[in-house]
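Colleague: I should be grateful for a close look at one part of this model and at what surrounds it. Please state the cut-off behind each term as you use it.

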Amino acid sequence: MTGAVRTPGRGKVWFVGAGPGAPDLITVRGAAVIAAADVVVWAASLVMADTVAGARADAEVLDSSRLTLEDVCAVYDRAAAEGLAVARVHSGDPTLWGAVGEQIEQCDARGLDWEIVPGVSSLAAAAAAVGRELTVPEVAQSVILTRFATATPMPGNEDLRAFAAHGTTMALFLSAKRGRAVQRELLAGGYPLDTPCAVVYRASWPDEAVYRCTLDELAATLRDAKLHKHTLILVGPALDAGGRRSHLYAPDFGHEFRRAAP
Ligand SMILES: C[S@@+](CC[C@H](N)C(=O)[O-])C[C@H]1O[C@@H](n2cnc3c(N)ncnc32)[C@H](O)[C@@H]1O
């Protein structure tokens, strides 16, 4: 069962990725789910209002910024009892720091159907704003998505310094408030002082801002721009790499759909 399809008489929750901000960066499926929903629960702090503007005129629209998990579960109770379709709209992609796991457990406990509709993550929007590829042949072929520990502690085996030792592209979510500590850990892990960084504030929003700097300037860049939230930090040599070309489009490299030039 995919898309905005529902079973008559049965309630269902769709965890919809809203995309990074710009309302036209939601998926076609996500927009269709919102347009069909009886109840739309959305995070006004992280999602632009236009993203949910396509909700039915008679839909109940709730801002989750002021709700607890228990409040949202009360909506799921009603969905189960009354056969309602709920669009639970999360910023970016719901599977990245979206707190959907705990909601899925609650849906399962109620015998409520659920489905995840993927979204464009702020990672993709930030890379687009910077205009760089995050994976560059022979420079960086891996991307580490992580965060600095704040109220949510990091598991013991996920150490920023150890991640930094890989020297590849890293994206730091939820970490702008801890600029000095992030810079310290990344340098201690082995990234050189002149490692290129990009700090992207509200990627794809009308007030999007991109700051380029080197790693030794990262904390000062965050501080001077007063960036605490809605900010993604990209780090790694791929952000400045040029002059590399892929095998895939090289004339002497053949594959299933194209013969190599003789
Ligand atoms: C709770 S997480 C949600 C991430 C989201 N699920 C995603 O896929 O982008 C919130 C963090 O994502 C990043 N973020 C979300 N939207 C952003 C945007 N438009 N521009 C820059 N960073 C953003 C910031 O690091 C923010 O602190």
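Modeller: I begin with a single pairing: W42 stands opposite V89 in strand β4. The model is a predicted one, in which local features require pLDDT of at least 70 and side-chain atom pairs count only at pLDDT 80 or more, while totals for chains, interfaces and linings use all residues. Residue numbers start from 1 along each chain as its sequence is written.

W42 belongs to strand β2 (residues 39-42). Helices and strands here are DSSP runs, numbered from the N terminus, with at least four residues for a helix (H or I) and at least two for a strand (E). Strand β2 is joined to β4 (residues 85-90) by 4 bridges, and the two run parallel. With strand β3 (residues 60-63), β2 again pairs in the parallel sense, over 4 bridges; two strands are said to pair if DSSP finds at least two bridges between them. Within β3, V61 is the bridge partner of V40.

Both faces of β2 are covered: V39 and V41 are buried on one side, and V40 and W42 are buried on the other. A residue counts as buried if 20 or more other C-beta atoms lie within 10 Å of its own, as exposed if 12 or fewer do, and as partly exposed in between, with C-beta atoms placed from the backbone. Across the protein's 262 residues, 39% count as buried.

V40 leads from the strand to the core. The largest nonpolar core has 69 residues, and V40, V86 and L234 touch the most other members. Such a core is a set of buried Ala, Val, Leu, Ile, Met, Phe, Trp, Tyr and Cys residues joined through C-beta atoms within 7 Å. Helix α4 (residues 122-130) gives the most to this core, namely 6 residues. The core lies between domain 1 (12-117) and domain 2 (122-240), because both give residues to it. These bounds come from an automatic or database domain assignment. In soluble globular proteins, nonpolar side chains tend to be buried together.

V86 touches V39 and V41 of the strand under discussion, and also V13, A37, V75, Y76 and A79, leaving aside residues up to four places away in sequence. Contact here requires C-beta atoms, placed from the backbone, within 7 Å of each other.

Helix α4 itself is mostly covered, with 7 of its 9 residues buried. S122, L123, A125, A126, A127, A129 and V130 are the buried ones. Their cover includes strands β6 (143-147), β7 (169-173), β8 (196-201), β9 (209-214) and β10. G131, with a positive phi near 75°, follows the helix.

The ligand brings α4 into view again. Its shell holds 24 residues, of which G92, W97, S121, S122 and A203 come nearest; a residue is near a molecule or strand if its C-beta atom, placed from the backbone, lies within 6 Å of it. Helix α4 supplies the largest share, 3 residues. Domains 1 and 2 each contribute at least three residues to this shell. By class, the shell has 11 nonpolar, 10 polar and 3 charged residues, where Ala, Val, Leu, Ile, Met, Phe, Trp, Tyr, Cys and Pro count as nonpolar, Asp, Glu, Lys and Arg as charged, and the others, Gly among them, as polar.

Key. Contact = placed C-beta atoms within 7 Å.
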